[in-house]
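Subject: Structure for you to look at

Hello,

Here is the structure I promised to pass on. Please open it first, then read my notes below.

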Amino acid sequence: MRLRHIALLACTALMLAGCNETLETVERDVSHVKNKVEYPLSPSILAEMDKKNMDRNAPIMIRIFKEEGKLEIWKAKRDNRFDMIASYDICAWSGKLGPKVKEGDRQAPEGYYNLTPGHLNPNSNYYLAINTGFPNRYDQANGRNGTNLMIHGACSSSGCYSMTDAQVLEIYGFARDAFKGGQKTVQLQALPFRMTAENMARHRNSEHFEFWKMLKVGYDNFEVTKRPPEVNVCEKKYVFNQQTAGGQFNASAVCPQMSTPPALASALSSYEKTYDVAYDKAAKKLDGMVWYDPSEAERKALVAEKRKGREPAYAPTGSALKAGKLMKETEFAALMEKKAAKGLTAPAATAIASSANPRATVAPTATTQQPATARPAAPTMVASAAPSPSGPQVAAAQSVPVPAVNPLAFTAQPSAEDAQKKPFWKFWAKE
C-alpha cells in the first residue's frame, strides 16, 4: 500500500511538472537529446499509428483550440480519413480569445494556415519552433499584421502557442516525418474553441462572433469529411471546399462563381439540421446568461504553483475554459463597467451584444457556399469534450467519398500523371 501511494504521488508530481497529455501523459527530460531535429517519435506513438492503420510518414494536420488550451495532431489513415494521434495541453498562450490583429497586441492567431518545411525552425531560441504562417492571405487582405508567431518550446508566450520542450520535440517530429513522406503543406487550424452548438451559443455575445462563424465553416467541413478542407480567400473572407467554373480566387476581389460539391453539400445539410436543434436547446438554456472570457492574468493565477522554483521565463497559463464563467447579463454589465472604470478593458461597446438571436444569417443554397455564412456543426454538448470516435460525425464522414490514394495536395513533387488527377474538391463530385 505504501509503495502504491508513493507511485501515485510520483505520477501526480510528473503531471504537474508539465502540460503534456500525449499518449505517454508525462513530461520527459529532454536534456539528453543530442539531435533534436531527427529525434524519433516514441515506440508507443508508432505502435498507436499502426493500431490506427496509419503509415509513419502519412500526412498530418494540426488543430488548436485556444480556450481549452489544446493542440491536437491528426494523421491520415490508409483510407485517407484523418484521426487524432496525439493531444497536448498548450503550456502558454497570451492574450484572450479572438484573432490577432496587429503587432504587439499579444494575441495568438486564429484561422487556417499552411505550414511548409520552410516553417520549421530547428535553431529556435525556444528549443524548436514551427512558424504558424501568420499573416496568411486572409490576414493580409484584412490589414492584420504581426511577425514571428510560432508554435515553440520553453513555455513562454507573447502571441505564440508555447509548449514544453518535450511536447514540441514530438510535434516537430510529427511534421518532419510527414514532410519526409511527401506532404507539401500541413494545415494548421487555430480555432477559439470546439465549435459545437453549446460552445457557439455560449459565445453568442462575443464581438468576434461573426469572425468565428466564418471559421466554423471550415470546422464543419472537417467534422463531416475528416479531411482538411481546401481553403481559399476571396472578398476578404475564407471559403472552403469550393469548386469554380474556371474563375480564380483573389483575397481582396469578388469571389468567382462557386458551389459546394453536391455530395458534400448533402452531408453538410444533414449535419446542420442536427446542429440547429442542439443550438436552439443550448440558447434557451443560456438565456439571460453571458460568458465571461477571462484575462491572461486570471488564467495565470490558475497555475501559479507551477511557476514556483522555475526560471522567470517559464510562464504557463491556465485554461480560459476553467478561468471563465457564466454570469447573468446584469452582473456581466456591472463587471464590464467596473473594469472600464479601472482602465482594464474597452468601454461599454464590449459589453453585452443584442439579445436577439445572433445566429440568424442568410442561408446559402444547398450547393453554394456564401463566404460570410457559417455552416452549423453537429453538437457535442460538453464544452471541453474531445471529438467522439462514433456517432453522427463519423456517420456523416463515412457517407462522403474520398480518393483511394492521397490527393495531389500531399504530393511533394507532382508528376505528369498527378497533374491529371482531380482537384481536391472533385473527390466529392459524382462521376
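The link of Cys234 and Cys255 is right-handed, with 90° about the S-S bond. This is a predicted model, so please read every value here as computed. The sulfur atoms of Cys234 and Cys255 lie 1.9 Å apart, and the two form a disulfide. The pair joins distant parts of the chain, 21 residues apart. Cys234 is in strand 11 (residues 231-234). Cys255 is in the loop between strand 13 (243-244) and strand 14 (258-259). Both Cys234 and Cys255 are buried.

The structure holds 2 disulfides. The other one is formed by Cys91 and Cys155, with 2.3 Å between the sulfur atoms. This pair, too, links distant parts of the chain, with 64 residues from Cys91 to Cys155. Look for Cys91 in the loop between strand 3 (82-89) and strand 4 (92-93). Cys155 sits in the loop between strand 8 (150-152) and strand 9 (161-162).

Which hand does the disulfide of Cys91 and Cys155 have? The torsion about its S-S bond is about -80°, so this disulfide is left-handed. Are Cys91 and Cys155 buried or exposed? Buried means under 20% relative accessible area. Cys91 has 0% relative accessibility, so it counts as buried. Cys155 has a relative accessible area of 1%, so it is buried as well.

Number the bonded cysteines in sequence order and the pairing reads 1-2, 3-4. Cys160 is also worth a look. Its relative accessible area is 7%, so Cys160 is buried.

Now the strands. Strand 2 (residues 70-76) is mostly covered: 7 of its 7 residues are buried. Both of its faces are covered. One side carries Lys70, Glu72, Trp74 and Ala76, and these are buried. The other carries Leu71, Ile73 and Lys75, which are buried too.

What does strand 2 pair with? Strand 1 (residues 60-65) is joined to strand 2 by 6 bridges, and the two run antiparallel. Arg63 stands opposite Glu72 of strand 2. The hairpin of strand 1 and strand 2 has 4 residues between the strands. In that hairpin, Gly69 takes a positive phi near 70°.

Strand 2 also pairs with strand 3, again in the antiparallel sense, over 7 bridges. Here Trp74 stands opposite Met84 in strand 3. The hairpin of strand 2 and strand 3 has 5 residues between the strands. Asn80 takes a positive phi near 75° in this hairpin.

There is an open sheet of 5 strands as well. Its order is 4-9-8-7-6, and the pairing is mixed. Which strands form its edges? Strand 4 and strand 6 (120-121) do, and each pairs on one side only. Strand 8 and strand 9 pair in the parallel sense over 2 bridges. Within that pair, Ile151 stands opposite Tyr161 in strand 9. Recall that Cys155 lies in the loop between strand 8 and strand 9.

One proline next. Pro294 is in the loop between strand 15 (289-292) and helix 8 (296-302). At 1% relative accessibility, Pro294 counts as buried. What does Pro294 touch? Leaving aside neighbours within four places in sequence, Pro294 is in contact with Lys96, Arg299, Ala320, Ala323 and Gly324. Take Ala320 from that list: it is 26 residues from Pro294 along the chain. The C-alpha atoms of Pro294 and Ala320 are separated by 6.1 Å.

Last, the overall figures. How many helices and strands are there? The protein comes to 13 helices and 16 strands. It has 431 residues, and 51% of them count as buried. Among contacts with a separation of 6 or more, 66% are between residues 24 or more positions apart. The protein exposes about 19500 Å². Carbon and sulfur atoms supply 55% of that area.

A good place to start is the disulfide of Cys91 and Cys155. After that, try strand 2 with strand 1 and strand 3, its antiparallel partners.

Best wishes

Notes. Residues are numbered from 1 along each chain as its sequence is written. This is a predicted model: local features need pLDDT of at least 70, side-chain atom pairs count only at pLDDT 80 or more; totals for chains, interfaces and linings use all residues. Side-chain values use heavy atoms; hydrogens and water are left out. A disulfide is a pair of cysteine sulfur atoms within 2.5 Å. Buried means under 20% relative accessible area, exposed over 50%, partly exposed in between (1.4 Å probe, protein chains only). Two strands pair if DSSP finds at least two bridges between them. Contact means heavy atoms within 4.5 Å. Accessible areas come from the Shrake-Rupley method with a 1.4 Å probe; for residues, only the protein chains shown count as cover.
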